[in-house]
Amino acid sequence: CSSMDGQESWPEIEKASKEKRRELVLQGAVIDEKISSNGGLCSAIYSLKLLNYLEIIQCPSLTEIHGDIQNLTTLTSLILCRNKLSSIPKTIGNLKSLKVLDISVNNLNALPEEITQLSDLNTLNVSCNNIESLPDGLCHCTKLSTINISKNDITRFPDDFYRLDLLSTVIASENAIEELSGDVLKLSALKVLDLSNNKLSDIPYELSDCSKLKEINFKGNKLKDKRLEKMVNGCQTKSILDYLRAGGRGKGKGSKQADGDGDKADGGRNAEKTQTKKQRKQKKKTEEDEVDELNRLVVKVLHVSDNPGAFTVKVANELKDVRPYLVCCVVRGMNFRSGNALKRFLVAQTKLHDDLCGKRTTATIATHDMQLLKGPLMYDARTPPMLKIVPLGRKEMTAVELMRQLQLEAEDQRKQRKRQNVSGLHKYLQLLDGKELYPCLVDAEDHVISFPPITNSERTKIRKTTKELFLEVTSSTSLQICKDVMDALIVKMAELNKFTFEHREEAGSEGESDSPPVPASDGTTSGELVIQQVRTVDPDGNLKVVYPSKTDLCTDVGDLNVIW
């Protein structure tokens, strides 16, 4: 740092300047301590004018960014998530080359209007803040493709929001949005729309005119059309769009078409009304019954007491200050053999990791082939040199060797100019910074089968032939987080299994609609899941938690029919 500001020099910044680096990543406890000691970021960072990529994350002491950020005119990616920023400087509008801006998980109450001057911006993530409104003029960000505004206090979309021609992904869950305008049809590139857990009362029929739309989520909204409310909680996107396209319950296109048919004689019309009223009533009842049946995602729970051979996981006391929370269960009935069923499941797991699990910072999911496990299991804490694992897709190594290898790979990725950020497991290395002990799940033969939040073991990897799954969710935050994530995972598995069953894909291919469904892992073709309870106990055998319990998998989690 310059001597004028009296701050200590930061070797990370000096190195970036000396080597004329185009990427700089600052994160974790060490950097946070420097920010705290220096009263903010070292001012020399704003002189690194060659930077294309700047990432400063997980620094609670970082409460503001200086206006001199405008000096970094070649920045294409600015990642400032998981800090305590209370504002963003107006000068950010001068970063004309910026394509990716991530300021999620901070303490922001508002966004500067100058953000709308970022004409090259294609990805904007402002999730997990306290933002009440989006700035007018977003339409000037003509290249904006992905926007995530979830978990804020936003009540409406600005009027010009619907003029973003290239917008393909909108994540706006957990806000207070009261209306989705019929102008949504102008978003011709829209593929993903998540408005779950808002305050919507209607869904415009115009949404069905978004021809590229593949995934929608309106769960958790109290809709006036109760049938539609049931559908959004349980049906696939296509069914919901078909319902909207048909006009719903006397609304939208359907009613317009009916209103236009006014050339019949009054007598004939009245007679037809009398005749069709009963038919409509009967049809409505039949359709509602069908929708109820469609929505039913059946999950049976087998009690520990009913299964003497049920799995038990013992939790070591040393995990108290490492990663103390764990819930597990066994799932039967998933069909991975059909088509892309396994791929869809892995994609869904990744999405849960990114969203509900906060990129593995709040919780981590691990899945295992139950038939490859040897119980009982032990959830343990070990020093890095003593933790040996066969990571997915790699040979056996210690945690020290794995972390070193991942760090080297991450550094190689950053040196490639075409790679602006690290990917894969490399994204999670900082989650274990400063830990003297690492958490791990160990089988009866002392094989480490899971090393959260980094990786699972190749020994228990799930495949298309997997018949039973052992699921685990761990967290350093709370037990309830583990339960919430496991609930969401099981609901998603039920949805995916139902989709697989209904679409009748062929094993190992995309499938053909006329081919018979491949039997599920339990030999049935119903799509029904069976969940076996798993107990976790302390070293003395005292019960810590059993999952699922009667307070888990509640009816407000999706549209789930749980049979106890």
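This is a dialogue between a trainee and a mentor on reading features of a predicted model.

Trainee: Where do the nonpolar residues sit, and what is the general idea behind a core?

Mentor: In soluble globular proteins, nonpolar side chains tend to be buried together. In this predicted model, the largest nonpolar core has 76 residues. The residues with the most contacts inside this core are Leu54, Leu101, Phe157, Phe161, Leu193, Leu207 and Phe218.

Trainee: Which helices and strands supply at least two residues of this core?

Mentor: Each of α1 (11-18), β1 (23-27), α2 (28-38), β2 (53-57), α3 (226-234) and α4 (237-245) does. The largest share, four residues, comes from α4.

Trainee: Why does this core lie between two domains?

Mentor: Domain 1 (19-128) and domain 2 (155-248) both give residues to the core, so the core lies between them.

Trainee: What is Leu207 in contact with?

Mentor: Setting aside neighbours within four places in sequence, Leu207 is in contact with Val184, Leu193, Leu213, Ile216, Phe218, Leu241 and Leu244. Leu193 and Phe218 were also named with Leu207 among the residues with the most contacts in the core. There is also a second, separate core of 32 residues, which includes Phe336, Ile462, Leu471 and Leu496.

Trainee: Let us take one residue in a strand. Is Val313 buried or exposed?

Mentor: Val313 has 0% relative accessibility, and the limit for buried is under 20%, so Val313 counts as buried. Val313 lies in strand β11, which covers residues 312-315.

Trainee: Which residues does Val313 touch?

Mentor: Not counting residues up to four places away in sequence, Val313 touches Leu326, Cys328, Leu377, Tyr379, Leu441, Phe470, Val534, Arg535, Thr536 and Val537. Sequence distance and spatial distance should be read separately: Val313 and Val442 are 129 residues apart in sequence, and 9.4 Å apart in space from C-alpha to C-alpha.

Trainee: Val537 is on that list. What is the bridge partner of Val537 in β22?

Mentor: The partner is Leu543. Strand β21 (residues 529-537) pairs with strand β22 (residues 543-547) in the antiparallel sense, over four bridges. The two strands form a hairpin with five residues between them. In the turn, Gly541 has a positive phi of about 90°.

Trainee: Cys328 was on the list too. How many disulfides does the structure hold?

Mentor: The structure holds zero disulfides. The sulfur of Cys328 has its closest cysteine sulfur in Cys329, at 7.8 Å, which is too far for a bond. For Cys482, the closest cysteine sulfur is that of Cys328, at 9.0 Å, again too far for a bond. Cys328 is buried, with a relative accessible area of 1%, and Cys482 is buried with 0%.

Trainee: What about charged residues? How should a salt bridge be read?

Mentor: Side chains of opposite charge can pair when their charged atoms come close. The count in this model comes to 19 salt bridges. One of them joins Asp183 and Lys186, with the closest N and O atoms 3.8 Å apart. Asp183 is partly exposed at 32% relative accessible area, and Lys186 is partly exposed at 43%.

Trainee: Are Asp380 and Arg382 buried or exposed?

Mentor: Asp380 counts as buried at 15% relative accessibility, and Arg382 counts as buried at 17%. These two residues form a salt bridge, with the closest N and O atoms 3.3 Å apart.

Trainee: Which parts of the chain do Arg459 and Glu396 link?

Mentor: The side chains of Arg459 and Glu396 meet in a salt bridge at 3.7 Å, N to O. This pair links distant parts of the chain, 63 residues apart. Arg459 is in the loop between β19 (455-456) and β20 (468-475), and Glu396 is in the loop between β15 (388-389) and β16 (397-398). Arg459 counts as partly exposed at 37%, and Glu396 is partly exposed at 46%. Elsewhere, salt bridges that share partners join Lys219, Lys492 and Glu495 into one network.

Trainee: Strand β16 came up there. What is Thr398 in that strand in contact with?

Mentor: Thr398 lies in β16 and is buried, with a relative accessible area of 13%. Leaving aside neighbours within four places in sequence, Thr398 is in contact with Pro384, Pro385, Leu387 and Lys388.

Methods
Residues numbered from 1 in each chain as written. Predicted model: local features only at pLDDT ≥ 70, side-chain atom pairs only at ≥ 80, totals over all residues. Heavy atoms only, no water. Buried < 20%, exposed > 50% of the residue type's maximum accessible area, 1.4 Å probe, protein only. Contact = heavy atoms within 4.5 Å. Salt bridge = Lys/Arg side-chain N within 4 Å of Asp/Glu carboxyl O. Core = buried A, V, L, I, M, F, W, Y, C linked by side-chain atoms within 4.5 Å. Domains from an automatic or database assignment. Disulfide = S-S within 2.5 Å. Pairing = 2+ DSSP bridges.
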